[in-house]
Amino acid sequence: MTALDLASTPSKGISWKAVRLTFGALLLLAGVSVLIHCLSSHETAALALGIILGALGGAAMFESTAESTLIPAAAVTLSLIPFGLFIAVVAGKDPFHAFYLLYAGSFAKWFTFQETLTYAAPLMLTGLCTALPMRVGLVIIGGEGALVMGALMSGGVGHFAQIHGASNGMIVFWMLLAASATGAFWIALAGALKHYRGVNETISSLLLIYIGVALMNHIVEGPWRDPASLNKPSTWSVLTPDGDYLLGGIHFGSFTMDVHWGLIIGFVVCLLCWILMNHTTFGFAAQVVGGNMRAAKVVGLSVGKVILITCALAGAAAGLAGGIEVAAVQGTVNATIVAGYGYTGILVAFLARQNPLAIIPVAILLGGINASNNLLQSEMGLPDATVRVLQGLIFLVILASESYYGKLKFFKKSEAVRA
Amino acid sequence: MTRTLKKSWWMRVAAATAAALTIFGGAFAYQREARAADNKPITIGFIYVGSKSDYGYNQAQAEGAKELAMLPGVKIVENENVPETVAVQKTMQSMIELNGAGAIFATSYGYFDPHVKKTAPKYSSVDFFHCGGAYDASKDAKNIYTYFGYIDECEYIAGIVAGKTSKSGKLGFIAAKPIPQVLRNINAFTMGARSVNPSVTTNVVFTGDWFMPTKEADAATSLIDQGIDVLTCHVDSPKVILETAEKRGIYCCGYHANGSALAPKGYLTGSEWHWATIFKSYLADIQSGKEIPHTTRGGMKDGVVQMSPYGPAVSDDTKKLAEDAKKMAMMGDLVIFKGPLKDNTGKTVIDAGKSYVQTDPVLEGMNYLVDGVVGSAGGK
């Protein structure tokens, strides 16, 4: 009797599938009742909570999604326990108040949820910069460099397009195109060094960050400096004639949001990357290259092409984040573009287990933690490092939870799927 | 799959459910409590770009906030390490919407454009105070007010102390970027030193950014190796620079806040902000409903900047020279930038007979380093 046979022997005492279904149904029920309560009492504070519970419950009821959603969700919830201890013991404050503020500052109100989404927007794109190369087996951590270079080029190209009288829409188009192309080139460099010269891509992409930041500083403080920017060297600003951002807030008809279009762009790019990586022959080829490069060569895949294209796509995503930052937030390029979105993107990619679609909720979760930083500091007087402690704990618990995939009976696949 | 397994599984589920219920139940109980305790003093939000305890720029602002917090009816909410991105816009909004702040102090230079400029028009009943920005009445919202101080007066006096105390005649200055504010401090420091010892020179190193502790430590070490014996700086946090100077047994002058605790032996004096003066006058205007001036600037005589107490290494002769200059500054008679003045490439930058008082806007566009400074205003 092989191990596989053993595992698939139907259990006598308990049907794990039934347990899972019951659990999912209960979660779903809880979520729906919270939602009904919210809608009937016009108290929207717990709306997000209801949605999250409901979604988890729904996911738990399907075999294909249960494991990949419930394990990370349980890990995130579990990480609240050491975090609560940390608040109580190290900071000497009330952990339950901190939990409440974590929720209140991120998802409880429309205002705070928009804040969460604002923080999440760049993380979706920088997360892709690490997640995509992982598919071909490369660990690229240089998203920050691609972002900075993309921002720099978008500032220059935007200014050039503006003085040549392009319309606002066309300026944005050229800016984002330039940003993506520059970012793509930047990470493709690391990919090419790896493929042609065998240089470790993690190190080279890290070093490319320093080069990018130094280059950006040099150009912003030198050749491209707007002479009017006295105490904060910046490039010429690229704004509409009324002084507004070229890429403004999201609005559909009468619905407006205090979040820029970068969120929608990030959403769409994540979705497209997911389709590319999970549902096309290119994605399959990337998976083969990532799984076993020699085998990929043997079956006739052009490994170099797959690696370079994937790296270029990854860099394009991070570069795009930089271009959006210039067009929608800063309106110019200066040293503040180096804000660490690229580094947080590494965390996002790992938490999402390199799945482009999972990057969306993970970016929103981390955006929410960032957003609640305000309340944790101002209401409880906790230091700003508190949210970073929580992020670190979540990261650790998620990594530890990786070992449970495929081992919990709770998620046991039914016979039909196994066969 | 025996009965014991089943039992323990249910116990785990029960424990997990209980834990979840406690977490959410606790959270909701607090939500209710937080709502109940809703009394309203004037809430003022302070936002800092770095740590509140950096012995520098942010600490100086936070000390002003602390003095405000001691006044009756004032509640202070603070956020530190807020980058100059959309994060500061969201922090301002959060302080207004969630903490009920009626006034915001955005204390970093880079918060001004575009962040304060974009947020202020959305909240016309909230006052926005910004450190260092230039208010433009034709473009900027009516609820924006900017404040700053003429700290080069302190730098000039610190220069006198440094120039008189130095034995090697070589001073060191570690600066972030070659921008007008910084160049003005380097020049004032050097001119103060050369007013008591004309052969003194100042070696400048630009680190490229406002908070680069490792680069600052490297620069300090290399300057000390070149023979300088008084070190000062214009970066956000002088901590590592003062500590390096003390460790290597040379003298130092502080910047932004009193750094004597970091260098008890070698600390000569320092240039400090005293923002509470401006903060309190703003608060008085808000509470009395008076119109707040859009641009507030002040020097030593206005109590906006001050010197650190002299350290043990400062001689009585030196103290006397410094006190004489301080008296001039306290009367508002100290004119630092007057002709004839040459820059360090030999070009005349201020003609003979011409002088600029502290408030002169010409000084805010300074783009040269004066004679006696070793370094380039281009920063290369």
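How many bridges join strand S6 (residues 170–175) of chain B to strand S7 (residues 201–206) of chain B, and do the two run parallel or antiparallel? Let's work on that first, keeping in mind that this is a predicted model.

**Exercise 1. Follow S7 of chain B to its partners.**

Step 1. Start with the opening question: 6 bridges join S6(B) to S7(B), and these strands run parallel.

Step 2. Pick out one pair in the model. B:Lys170 has B:Thr201 in S7(B) as its bridge partner.

Step 3. Look at what belongs to the same unit. Together with helix H6 (residues 180–196) of chain B, S6(B) and S7(B) make a right-handed β-α-β unit.

Step 4. Now turn to another partner of S7(B). Strand S17 (residues 373–374) of chain B is joined to S7(B) by 2 bridges, and the two run parallel. Here B:Asn203 has B:Val374 in S17(B) as its bridge partner.

**Exercise 2. Lay out the whole sheet and find its edge strands.**

Step 1. Write down the order of the strands. The open sheet in chain B has 7 strands in the order S12-S10-S9-S8-S6-S7-S17, with mixed pairing.

Step 2. Find the strands that pair on one side only: these edge strands are strand S12 (305–307) and S17 of chain B.

Step 3. Check the S12 end. Strand S10 (residues 267–273) of chain B and S12(B) are joined by 3 bridges and run antiparallel. You can find B:Glu272 opposite B:Gln306 in S12(B).

Step 4. Add a helix to your drawing. Helix H7 (residues 213–225) of chain B packs on the sheet, where it touches S6, S7 and strand S8 (230–234) of chain B. The direction of helix H7 of chain B makes about 170° with that of S6(B).

**Exercise 3. Set the domains of the two chains side by side.**

Step 1. Take chain B, which is divided into domain 1 (42–149) and domain 2 (152–271 + 310–374). The C-alpha centres of these two domains of chain B lie 29 Å apart.

Step 2. Count the contacts: 9 residues of domain 1 of chain B are in contact with 10 residues of domain 2 of chain B. The touching side of domain 1 of chain B has 3 nonpolar, 4 polar and 2 charged residues.

Step 3. Do the same for chain A, where domain 1 covers 1–93 + 382–419 and domain 2 covers 112–369. Their centres, taken over C-alpha atoms, are separated by 31 Å.

Step 4. Count again: in chain A, 6 residues of domain 1 are in contact with 6 residues of domain 2. Helix H16 (residues 385–401) of chain A gives the largest share of the domain 1 side, 5 residues. By class, that side of domain 1 of chain A has 5 nonpolar, 1 polar and no charged residues.

**Exercise 4. Decide whether A:Ala179 is buried or exposed.**

Step 1. Locate the residue: A:Ala179 is in helix H8 (residues 168–197) of chain A.

Step 2. Apply the cut-off, by which 20 or more other C-beta atoms within 10 Å make a residue buried. A:Ala179 counts as buried because it has 32 C-beta neighbours inside 10 Å.

Step 3. See who the neighbours are. Leaving aside residues within four places in sequence, the contacts of A:Ala179 include A:Gly150, A:Ser154, A:Leu320 and A:Gly323.

Step 4. Compare sequence with space. A:Ala179 and A:Ser154 are 25 residues apart in sequence, yet their C-alpha atoms are 5.1 Å apart.

Terms used. Residues are numbered from 1 along each chain as its sequence is written. Chains are lettered from A and ligands numbered from 1 in the order in which they are written. This is a predicted model: local features need pLDDT of at least 70, side-chain atom pairs count only at pLDDT 80 or more; totals for chains, interfaces and linings use all residues. Helices (H or I, at least four residues) and strands (E, at least two) are DSSP runs, numbered from the N terminus. A residue is buried if 20 or more other C-beta atoms lie within 10 Å of its own, exposed if 12 or fewer, and partly exposed in between; C-beta atoms are placed from the backbone. Two residues are in contact if their C-beta atoms, placed from the backbone, lie within 7 Å. Domain bounds come from an automatic or database domain assignment. Ala, Val, Leu, Ile, Met, Phe, Trp, Tyr, Cys and Pro count as nonpolar, Asp, Glu, Lys and Arg as charged, and the others, Gly among them, as polar. Two strands pair if DSSP finds at least two bridges between them. A crossover is right-handed if, with the strands pointing away from the viewer, the path from the first strand over the helix to the second runs clockwise. Axes are lines fitted to C-alpha atoms, for helices over the stretch in contact, and angles run from 0 to 180 degrees between N-to-C directions.
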